[in-house]
Structure formats: C-alpha cells, structure tokens
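Grab a coffee and work through these exercises with the viewer open. Try each task yourself before you read its solution.

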Amino acid sequence: IPKREWSSDVCSSDLFGIGFSSPERRHYLGIAGGSGITPMLSLIKAALETEPQSHFTLVYGNRTVASIMFLEELEGLKNRWMERLSIFHVLSEETTEIELLSGLLDQARIARLCEQAIRVPAIDCAFVCGPAPMMAAAEAALLAAGLDRGRIRIERFASPDAQPARPAPPPAAPRAEVPGARVTVVVDGKARPISEIGRAHV
C-alpha cells in the first residue's frame, strides 16, 4: 500500500487534537476501554457527520457484553453509518465466536488486530482513551505497526472509580516525660519496672 501524504494539521485542534472538515476523506481509528468510550462517541458522530466520505474504525474493550457502555447507541450509530463505521468489541471475561475478540485488550491483541483487521497504513489519525495500561499498550502496538507518532492522540482522564490520595497524618507530637514516675509490669511471670511516659498537659 503506498504511503499516504501526511499533513501536520490532520491531528490538530481541540478534542483529542482533531479538526473535522467536510471536504476531507479520512480513515480514523478509535481504541477505547470502559468509560473511555464517552469522548469517543462524540468523535465518531462529529467525524461521520462532518466528513461524508470519511470512515471510522472503533476497537472497544470491556469485560462482558453486560458491561458495555452505550451499547444501544453504538448499535444505532452502526446502523446509521453501516458502510463507514466498523466496530470491534473485545471482551476479556466472555468468550466470543471470534478468538481474536476474546481476551484482554493488551498490546499483543491490539497488534494482532492491526495485522488482521485494521489497515494501519490507511489510518490518518488514531484516538486512544481508557485505563492507563490499555492506553500504553495501544500506543506501543500502533507505533510498532508503523503508525507515525504524530497521528496518535491519547485522551488521559482520571477514572471515576479512583480515590484521591489522602495526605499522610502529621507526626505525633513528642510526649513530655514525667520525671520520677515509675510503673511495674509483669512479663513472663517476672516483674520489671519501667519508666512511665506521662502525657503532656495542655
């Protein structure tokens, strides 16, 4: 496949770094995991509505069919743009009829998808959004497949399930020693006197 001419403004704008234009004829790739599909939906709609000649391929990883977010909306988009939108659902905890789509969406699986289902040389811009390990795996797989780094856009976001780190409690103030005070404790049947540490009075 001949290498396509590259323009630096293909991936440059606001959301994910992309601007859509009606005369363009592009092929976009989206790789999403879990709630990372949220911004991807907006991209799919904007791309296919604004650029009638463009195509979009989505690879979406989840645990099970039941955990797929916006499944009905995705099916609706697929029915609307049957010829221009391709969707691959990859499930990590359910077996599908296609072995390639069953398992964790890691670097090895994304690499296989690039070899068997995605024409990487035809990709004008790739969008990646999801858990940090998946985003790193997707970026590595796309680079290894020959996609220029400038064509990869990653949307990093904080997971709603992530809990903010709590600051460490301040060290306890040293207690003042009360001179002369002693206490005897019994350890293993033997009485042993120790100095008593009294509490400082406020």
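**Exercise 1. Work out how helix α3 sits against helix α4.**

Step 1: start with the axes. Those of helix α3 (residues 107-116) and helix α4 (residues 132-144) come within 8 Å of each other and cross at roughly 40 degrees. That makes α3 oblique to α4. (Under 35 degrees counts as roughly parallel, over 145 as roughly antiparallel, 65 to 115 as roughly perpendicular, and the rest as oblique.) Axes here are lines fitted to C-alpha atoms, for helices over the stretch in contact, with angles from 0 to 180 degrees between N-to-C directions.

Step 2: get the handedness. α3 passes α4 in a right-handed crossing. (Right-handed means the near helix is turned clockwise from the far one by less than a right angle; anticlockwise gives left-handed.)

Step 3: list who touches whom. From α3 come Gln107, Ile110, Ala111 and Cys114, and they meet Ala137, Ala138, Ala140, Ala141 and Leu142 of α4. Sorted by type, the residues of this α3 and α4 contact are eight nonpolar, one polar and no charged. (Nonpolar covers Ala, Val, Leu, Ile, Met, Phe, Trp, Tyr, Cys and Pro; charged covers Asp, Glu, Lys and Arg; the others, Gly among them, are polar. Contact means heavy atoms within 4.5 Å.)

A word on the ground rules: this is a predicted model, where local features need pLDDT of at least 70 and side-chain atom pairs count only at pLDDT 80 or more, while totals for chains, interfaces and linings use all residues. Residues are numbered from 1 along each chain as its sequence is written, and side-chain values use heavy atoms, with hydrogens and water left out.

**Exercise 2. Sketch the whole chain.**

Step 1: count the elements. You should find four helices and seven strands. (These are DSSP runs numbered from the N terminus: H or I of at least four residues for helices, E of at least two for strands.)

Step 2: put them in order. Starting at the N terminus, the run reads β-α-β-α-β-α-β-α-β-β-β.

Step 3: look at burial and surface. The chain has 202 residues, and 35% of them count as buried. (Buried is under 20% relative accessible area, exposed is over 50%, and partly exposed is in between, with a 1.4 Å probe and protein chains only.) About 12,400 Å² of the chain is exposed, with carbon and sulfur atoms supplying 53% of that.

Step 4: check the contact range. Among contacts in the chain with a separation of 6 or more, 64% join residues 24 or more positions apart.

**Exercise 3. Repeat the helix analysis for α1 and α2.**

Step 1: the axes of helix α1 (residues 37-50) and helix α2 (residues 71-80) come within 12 Å and cross at roughly 15 degrees. That makes α1 roughly parallel to α2.

Step 2: α1 passes α2 in a left-handed crossing. On the α1 side, the contact uses Ile37, Leu41, Ile44, Lys45 and Glu49; on the α2 side, Glu73, Leu74, Leu77 and Arg80. The tally for this contact of α1 with α2 is five nonpolar, no polar and four charged.

**Exercise 4. Inspect the loops around Phe70 and Gly34.**

Step 1: find Phe70 in the loop between β2 (55-62) and α2. Now check its backbone: phi is positive, about 55 degrees, although Phe70 is not a glycine. Most residues other than glycine have a negative phi. Phe70 counts as partly exposed because its relative accessibility is 36%.

Step 2: move to Gly34, in the loop between β1 (27-33) and α1. Its relative accessible area is 23%, so Gly34 is partly exposed.

Step 3: see what Gly34 touches. Not counting residues up to four places away in sequence, that's Tyr60, Gly61, Asn62 and Met69. Gly34 and Met69 are 35 residues apart along the chain, yet their C-alpha atoms are separated by 7.1 Å.

**Exercise 5. Place Ser22 and Arg149: which segment, and who's in contact?**

Step 1: Ser22 lies in the segment before β1 and is partly exposed at 45% relative accessibility. Leaving aside neighbours within four places in sequence, Ser22 contacts Thr50, Glu51 and Pro52.

Step 2: Arg149 sits in the loop between α4 and β5 (152-154). With a relative accessible area of 54%, Arg149 is exposed. Beyond its neighbours within four places in sequence, Arg149 is in contact with Glu139 and Leu143.

Technical notes:
Accessible areas come from the Shrake-Rupley method with a 1.4 Å probe; for residues, only the protein chains shown count as cover.
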